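Colleague: I would like to learn how to read a model such as this one, feature by feature. Could you take me through it slowly?

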Amino acid sequence: MRIRDWQDILTDVVESTATPEDWRAVAGDRKRGVGEDLYLGHPDRGVFQLKTYAKNPFEVKGVGSKVARRIDDDLEPLFPTDATARFGVQRPIEDESEAERTAEQLETVIETHASAPTTPDALFEDVMGALDSPAYGPMAYDQYDRPEQLDELSTTFEEAERLLESDIEDVIEEDGIDHGFQ
């Protein structure tokens, strides 16, 4: 298992050729300390684990690793399939002409959904398509605690959890985040 910067893991997700709508995610607070845990999974691309924290309102730091080559039958129940919450990963828009094209596509999607019967799922799918999102889908997330699946995934990938936890603690300590005001 190779531990890398969390941005490198997201770059792997963005640059993959996986079907964008087949990604799943589970996220919540870290068990101990500041920050969040996130698992991103795709049936063909595997499972990625990330540990991040906000150093300040403008900077997020973290570590991550690929923890499984695919989602097998044992992992499948741990990732959501319904859309009680959703996530999306975006590529940065490169230039002004791409920004204009994207804005026009989004405008068309919103106008279409505003003037016709629609569902939240259909709107979400169409918006992600207009944005050319490389990864999106349902997410189990608790902004105040940890979803049950997060603890189960942490137990399943116990060795990765231990190594990533140690690395994120080192990053936090280097930044002095754990010291508070003096």
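**Reading the features in turn**

Modeller: Let us begin with one residue and its surroundings, bearing in mind that this is a predicted model. Leaving aside residues up to four places away in sequence, Arg 24 touches Tyr 39, Leu 40, Gly 41, Phe 79, Pro 80, Thr 81, Phe 87, Gly 137 and Pro 138. Arg 24 itself has its place in strand S2.

Colleague: Which side chain of opposite charge is nearest to Arg 24, and how far away is it?

Modeller: In general, side chains of opposite charge can pair when their charged atoms come close. Here the nearest candidate is Asp 22, at 4.6 Å, and Arg 24, although buried, has no salt bridge. The side chain of Arg 24 does, however, reach the backbone oxygen of Pro 80 at 3.3 Å.

Colleague: In what order do the strands of the sheet lie?

Modeller: The open sheet has seven strands, with mixed pairing, in the order S1-S5-S4-S3-S2-S7-S6. Strands S1 (4–5) and S6 (86–89) stand at the edges with a single partner strand each, so one side of each has no neighbour in the sheet. Helix H3 (residues 120–130) packs on the sheet, where it touches S6 and strand S7 (135–142), and its direction makes about 5 degrees with that of S6. Helix H4 (residues 148–156), by contrast, lies across S2, S3 and S7 and runs at about 100 degrees to S2.

Colleague: Where in the chain are the partners of the salt bridge between Glu 169 and Arg 30?

Modeller: The side chains of Glu 169 and Arg 30 meet at 2.5 Å, N to O, and the pair links distant parts of the chain, with Glu 169 in helix H5 (residues 158–175) and Arg 30 in the loop between S2 and S3, 139 residues apart. Arg 30 is buried, with a relative accessible area of 4%, whereas Glu 169 is partly exposed at 34%. A search of the whole structure finds 14 salt bridges.

Colleague: What is notable about the phi of Asp 132?

Modeller: Most residues other than glycine have a negative phi, and that is the background for reading such a value. The phi of Asp 132 is near 55 degrees, a positive value in a residue other than glycine. Asp 132 has its place in the loop between H3 and S7, and its relative accessibility of 53% means that Asp 132 counts as exposed.

Technical notes. Residues are numbered from 1 along each chain as its sequence is written. This is a predicted model: local features need pLDDT of at least 70, side-chain atom pairs count only at pLDDT 80 or more; totals for chains, interfaces and linings use all residues. Side-chain values use heavy atoms; hydrogens and water are left out. Two strands pair if DSSP finds at least two bridges between them. Helices (H or I, at least four residues) and strands (E, at least two) are DSSP runs, numbered from the N terminus. Contact means heavy atoms within 4.5 Å. Axes are lines fitted to C-alpha atoms, for helices over the stretch in contact, and angles run from 0 to 180 degrees between N-to-C directions. Buried means under 20% relative accessible area, exposed over 50%, partly exposed in between (1.4 Å probe, protein chains only). Lys and Arg count as positive and Asp and Glu as negative; His and the chain ends are not counted. A salt bridge is a side-chain nitrogen of Lys or Arg within 4 Å of a carboxyl oxygen of Asp or Glu. A polar contact is a pair of N or O atoms within 3.5 Å; within protein, one must be able to donate a hydrogen and the other to accept it, and residues adjacent in sequence count only if both atoms are side-chain atoms.
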